[in-house]
Amino acid sequence: MPRKTYRQAINEALDCEMARDENVIVIGEDVAGGAGGSGEDDAYGGVLGVTKGLVGKYGRARVIDTPITESAIMGAAAGAASTGLRPVAELMFVDFLGVCFDQIFNQAAKFRYMFGGKARTPLVIRSMIGAGMSAAAQHSQALHPIFTHIPGLKVVMPSNAYDAKGLLIQAIRDDDPVIFLEHKALYDTQAEVPDEAYAIPFGEAEFVTEGDDVTIVAFSAMVARAKAVAEDMEKEGIEVELIDPRTTSPLDEEAILESVERTGRLVVVDEGSPRCGMAADIAALVASKGFAHLKAPVAMVTPPHTPVPFAPNLEAAYLPSNERIAAAVRSVLGETVPAE
Amino acid sequence: MADLTALTMPKWGLSMEEGTLASWHLAEGDAVNEGAEIADIETSKLLNTLEARSPGTLLRLVAQEGETLPCGALIAVLGEAGTDAEAVDAFVASFEVVEPDAEDAEDGASAPAYRTAEVDGLTLHYAEAGEGDEVVLLLHGYGGDSGNWMFVSEELASVHRVIALDLPGHGGSDKALPGSGSLEDVAALVQAFIAAEGLGAVHLVGHSFGGAVAERVAATGAARSLTLVAPLLPGAALDRGYIADFAAARRKRELREVLTRLVADADSISRDMVEDVLRTKRLDGVGEALARLGEVAGAIANEAPRPPATAALAIWGEADRIILPPSGGNLGKGSTAVIVAGAGHLPHLERAAETARLVRANIAGERP
């Protein structure tokens, strides 16, 4: 099985679906690059090269470079989706989506409901999340909880290259608006990815490791950190069940509750800010529907409630570290840990 | 220099890159007969037992239990009893890993390879190994692929040219089915494949649904011999629940439970095997192909019982819960049924060495 990067996997998913369905279009800033200029025709392929090569295969009518106007990209994409196209709109950094909340929250997310179930909006919005690259406070946020909060949106957070391809294909085939959030620290990570098209259903968690001692739920780039901790713990005889929900909306509540029923102990690791975030959401889920099985308070490992620092040492301290995840696991197991 | 033989991590199938030494069956100093069970090796698919190919005394166990090593790595040294320990040390120290493929090439045998063929508008994918005038064609079962033969193909390839085909809808072959996807359509495609590749009269070996296909192909007179492993014959006692549950399973835990019904020892289903099957099921077109072939399998089981049209050797695992062997082993005129102990529906994976010997004997016309 060929090993491919997260970046290649996303490119292949776009390529597969554009080849399969002529209604699939890509729209965004420099998704091809060079539009209207005299230089190279496929100069950029997106800010990180994810859409590279598509314009050569599918042409300018289906790979559309836009001016730097986020609200226009999202408005055009939402409108195109409501007419039957399947746009994949790219917005470089999730931090910039604030200027198009109306198009996303109040228009695309509501069409199906407001038109009595008769409207379909097969729109995918791809964007980049996450810290760890010294991109500073305005380019490093993990804003997935904001989209998860909105009924009518589906929210996808692939943690590896295999999932990225299968989830993006599913997103493009889905008839509702999907927010597809790529973590910027993952683009060069590799996994075995089939050449063929495949779809991973939404709302179906991945059990990354299996165990009966403690459940960890982690999202996106935090999955790899939690996995490293789980592997270390295994050497000590502690069996961690690591769950990657893959999508925050819909959320695979059943997988989480079923696991906690066995382990009785839960650690949630998320890169979003702690208030009204996924860690709090899952802690509340388990407290309300799985309380009887809990043997210890739920531990939440998140950044502090501050902007993402620019200084590399502060940024490293901001993110949930392997050490903090391990300490949380030990705390729910009832082991005493040195104070941080 | 003492006459020492290296025992290396086997390479069972093209995709195997490493194996874990699960347990030793023998200790240092034990005498080894040809065919003796030496160790259990865990692969990404299943646990398999490594057997000795030549007699001798087990002088040194190099690999530790639990150790994972690449294919071709030294795991033990065989030789004459009483061989000087220093000579064994020197042999271990000077051992160099030889790529199994390169080793085959030196022997003049062709290295195993994946190939494709275009037949009736469909791309068929297959694994090929060994050389010889006579071709052994291996047909896997419902939901399987050519990799299911990984533990037996090496043994068969030592004397024949072996081709393990991915049936349409499976493995690396096109996911579209020929015609209406009926048994006759699939059998006709396999015949067309045999003709297109110029294989002539082949030795057919089919497992489960692949056994049904092999039986139909053999009925046209195109086979030198017919070996059926837990075949789906007309009127078979098939567990239809298995097919429905296999098709429906979407989560690892669910799928593992379904796959454990295939084997006698539930622990032999590895996490990687479950993951591989799940990933295959997600590929475009696989769900539709499995749904159609599931119907076809049910229809075969609904037919009036009918023995193979061609005299066959049929091999069944004693603990098969998916397709029960015909009562009294009655397979009709000229056919023989053999029951393999310690195996469920996958004797070619669970009791690979014994199954390979039975297949080889049947191919040689020496039916037990």
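How many Å separate the centres of domain 1 of chain A and domain 2 of chain A, taken over C-alpha atoms? In this predicted model, the separation of the two centres is 27 Å. The views below start with these two domains, then move to one serine and finally to the contact with chain B.

**View 1. The two domains of chain A.** Chain A is split into domain 1, covering residues 3–192, and domain 2, covering residues 206–332. Domain 1 brings 25 residues to the contact between them, and domain 2 brings 22. About 1800 Å² is buried between the two domains of chain A, with 58% of that area from carbon and sulfur atoms.

**View 2. A closer look at the domain interface in chain A.** Here you will find 1 salt bridge between domain 1 and domain 2. A salt bridge links the side chains of A:Asp163 and A:Arg246, at 3.3 Å from N to O. There are also 14 residue pairs in polar contact across this interface, both residues being at pLDDT 80 or more. On the domain 1 side, α6 (144–148), β6 (154–156) and α7 (161–173) of chain A each give at least two residues to the surface that touches domain 2. That side of domain 1 is made up of 15 nonpolar, 8 polar and 2 charged residues.

**View 3. The surroundings of A:Ser259.** This serine sits in helix α9 of chain A, which spans residues 253–263. Is A:Ser259 buried or exposed? A:Ser259 is buried, because its relative accessible area is 0%. Leaving aside residues up to four places away in sequence, A:Ser259 touches A:Phe207, A:Thr215, A:Glu241 and A:Ile243. With A:Glu241, the serine side chain also makes a side-chain polar contact of 2.7 Å. For orientation, A:Thr83 lies 176 residues from A:Ser259 in sequence and 42 Å from it in space, C-alpha to C-alpha.

**View 4. Where chain B meets chain A.** In this view, 13 residues of chain B contact 26 residues of chain A. The two chains bury about 1500 Å² between them, and carbon and sulfur atoms account for 33% of it. Look for B:Arg251, B:Arg253 and B:Arg282, which lose the most area to chain A on the chain B side, together 43% of what that side buries.

**View 5. Charged and polar pairs between chains B and A.** Across this interface there are 9 salt bridges. One salt bridge joins the side chains of B:Arg253 and A:Glu258, at 4.0 Å from N to O. The interface also has 14 residue pairs in polar contact, with both residues at pLDDT 80 or more. Two elements of chain B, α7 (252–260) and α8 (271–282), give two or more residues to the side that touches chain A. The largest share, 4 residues, comes from α8(B). By class, this side of chain B has 1 nonpolar, 1 polar and 11 charged residues.

Methods: Residues numbered from 1 in each chain as written. Chains lettered and ligands numbered in written order. Predicted model: local features only at pLDDT ≥ 70, side-chain atom pairs only at ≥ 80, totals over all residues. Heavy atoms only, no water. Contact = heavy atoms within 4.5 Å. Buried area = accessible area lost by both parts, 1.4 Å probe. Polar contact = N/O pair within 3.5 Å; in protein donor to acceptor, adjacent residues only side chain to side chain. Nonpolar A, V, L, I, M, F, W, Y, C, P; charged D, E, K, R; others polar. Buried < 20%, exposed > 50% of the residue type's maximum accessible area, 1.4 Å probe, protein only. Domains from an automatic or database assignment.
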